[in-house]
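Let's walk through a protein together, one question at a time. Have a look at it first, then follow along.

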Amino acid sequence: MADLPLRPELAGQEPYGAPQLDVPHRLNVNENPYPPSPGLLAAIGRAAADPGLNRYPDREATALRTDLAAYLGHGLGPENVWAANGSNEVMTHLLQAFGGPGRTVLTFAPSYSMYPEYARNTYTRYLTAPRRPDFTVDADLVRAAVAEHHPDVLLLTSPNNPTGTSVSLDVVRLACEVAPGMVVVDEAYQEFARSGTPSALSLLAEHPRLVVTRTMSKAFAFAGGRLGYLAAAPAVVDACRIVRLPYHLSAVTQAVARVALAHAPELLSQVDALRRERDLLVDWLRDRGLAVADTDANFVLFGRFADRSAVWRGLLERGVLIRETGPDGWLRVSAGTPTEMAAFRTALVQVAEEMALPGWVPEQEGARA
Ligand SMILES: *Cc1c(COP(=O)(O)O)cnc(C)c1O
């Protein structure tokens with residue numbers, strides 16, 4: 001590597017990636033733990049059996065975009081929807097079209113660890129402004145950050161990763177009013193939001209420079225299928241069509257994603273269960289004396305630990321893989337099945353006792369009310 005004429009900004013960089021370890025309980029990348037049913041797998045097998053592999057796929061993925069628009073509702077049609085291989089490719093298209101050399105993207109930190117990589121890969125300057133201590137983003141923060149940085153792309157993540165924090169619609173609306181460029185709301189976890197948390201989709205009709213991105217990786221239990229999408233004004237979609245690689249979405253991906261969408265109620269049926277596990281876990285962690293960020297996503301950020309790496313390793317030694325990410329002292333755990341959550345709690349109790357964590361509140365056997 002040292003001898004290669006690599007772009008200087010790539011020298012010494014490591015490829016992105018949470019560890020992919022083969023352990024009993026994987027709670028580190030916010031996947032939906034429930035695999036597809038045999039019936040859905042059979043339907044996917046039929047769709048994938050003959051997607052027309054000798055021909056190039058539909059470059060515009062029109063049938064899939066029609067299905068995605070129908071899923072989103074809000075009066076959207078295929079001309080409002082763009083799709084790509086995961087929302088990471090959607091984000092890349094957006095930055096290729098609206099960022100680029102001499103331009104900036106601004107987000108509120110801490111946030112998703114992939115954003116700086118999309119920016120780097122598209123030659124877009126990456127800027128951050130700090131969130132409030134409780135990880136929220138309010139109108140004053142947005143106003144001040146926009147006034148200071150004049151970003152070409154303002155990126156709001158709601159619910160945010162790794163904190164789980166939602167951004168209110170009033171703040172998104174204000175962002176659309178004050179931002180000089182595009183406003184992108186990353187709603188990768190929107191389906192997990194507590195009820196009554198509205199989507200920025202409802203603002204699209206009023207704001208032509210607003211983009212809402214979604215993914216089938218999380219609530220839809222389709223991370224392996226690689227399908228992300230956005231909703232926006234048709235002109236935004238047309239801009240993405242200019243920068244995308246020709247035939248970027250394979251015939252197999254389009255066919256399989258359409259089957260998954262046709263089974264949306266089944267695939268989304270575990271969302272309520274995952275939300276319940278998340279809320280139970282938040283209460284349990286707080287009862288143990290830990291700090292926990294309010295979360296609308298399918299994960300929980302908790303802390304704070306003097307040595308979070310030691311806690312992370314202790315859990316891993318007990319077969320539970322979570323994520324060492326976010327601000328120093330915090331750890332993130334995905335909501336899983338009741339069995340996985342029980343394994344996590346058991347392991348954390350053991351780690352806390354072994355490390356004699358300060359402030360840890362033991363569970364009371366047969367606690368009285
Ligand atoms: C997981 C995640 C995504 C989804 O990425 P895909 O490429 O669609 O799998 C997008 N944004 C955030 C903040 C995420 O955490």
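Q: How far apart do the end C-alpha atoms of residues 27-344 lie?
A: Keep in mind that this is a predicted model. The UniProt annotation "domain: Aminotransferase class I/classII large", from an unreviewed entry, covers residues 27-344. That span is 39% helix and 15% strand. Its two end C-alpha atoms are separated by 9 Å.

Q: Into which domains is the protein divided, and how many Å separate their centres?
A: Domain 2 takes residues 47-266. Domain 1 is made up of two pieces, 22-34 and 269-368. Going by C-alpha atoms, the distance between the centres of domain 1 and domain 2 is 28 Å.

Q: How many residues does each domain bring to the contact, and what area is buried there?
A: Domain 1 puts in 23 residues, and domain 2 puts in 23 residues. Carbon and sulfur atoms give 54% of the area buried between domain 1 and domain 2. As for the buried area itself, it comes to about 1,800 Å².

Q: How many residue pairs are in polar contact between domain 1 and domain 2?
A: Let's look at the salt bridges before the polar contacts. Across the interface of domain 1 and domain 2 there's one salt bridge. Counting residue pairs in polar contact between domain 1 and domain 2, with both residues at pLDDT 80 or more, gives 11.

Q: Which element gives the most to the side of domain 1 that touches domain 2?
A: Two elements each give two or more residues to that side: β10 (299-303) and α10 (271-287). By class, the side has six charged, seven polar and 10 nonpolar residues. The top contributor, with four residues, is α10.

Q: What is the N to O distance in the salt bridge of Arg 194 and Asp 296?
A: The two partners meet through their side chains. For a salt bridge, the nitrogen has to be within 4 Å of the carboxyl oxygen. For Arg 194 and Asp 296, the value is 2.9 Å.

Q: Which peptide bonds are cis, one ending at Pro 159 and one at Arg 304?
A: Most peptide bonds are trans, so a cis one deserves a look. Pro 159 sits in the loop between β5 (153-157) and α6 (169-178), while Arg 304 is in the loop between β10 and α11 (308-317). The cis bonds run from Ser 158 to Pro 159, with omega near -5°, and from Gly 303 to Arg 304, with omega near -15°.

Q: What is the phi of Asn 30?
A: Most residues other than glycine have a negative phi. Asn 30, in the loop between β1 (25-26) and α1 (38-49), isn't a glycine, yet its phi is positive. The value is about 60°.

Key. Residues numbered from 1 in each chain as written. Predicted model: local features only at pLDDT ≥ 70, side-chain atom pairs only at ≥ 80, totals over all residues. Heavy atoms only, no water. Domains from an automatic or database assignment. Contact = heavy atoms within 4.5 Å. Buried area = accessible area lost by both parts, 1.4 Å probe. Polar contact = N/O pair within 3.5 Å; in protein donor to acceptor, adjacent residues only side chain to side chain. Nonpolar A, V, L, I, M, F, W, Y, C, P; charged D, E, K, R; others polar. UniProt positions renumbered as here; feature names shortened; annotations may be inferred.
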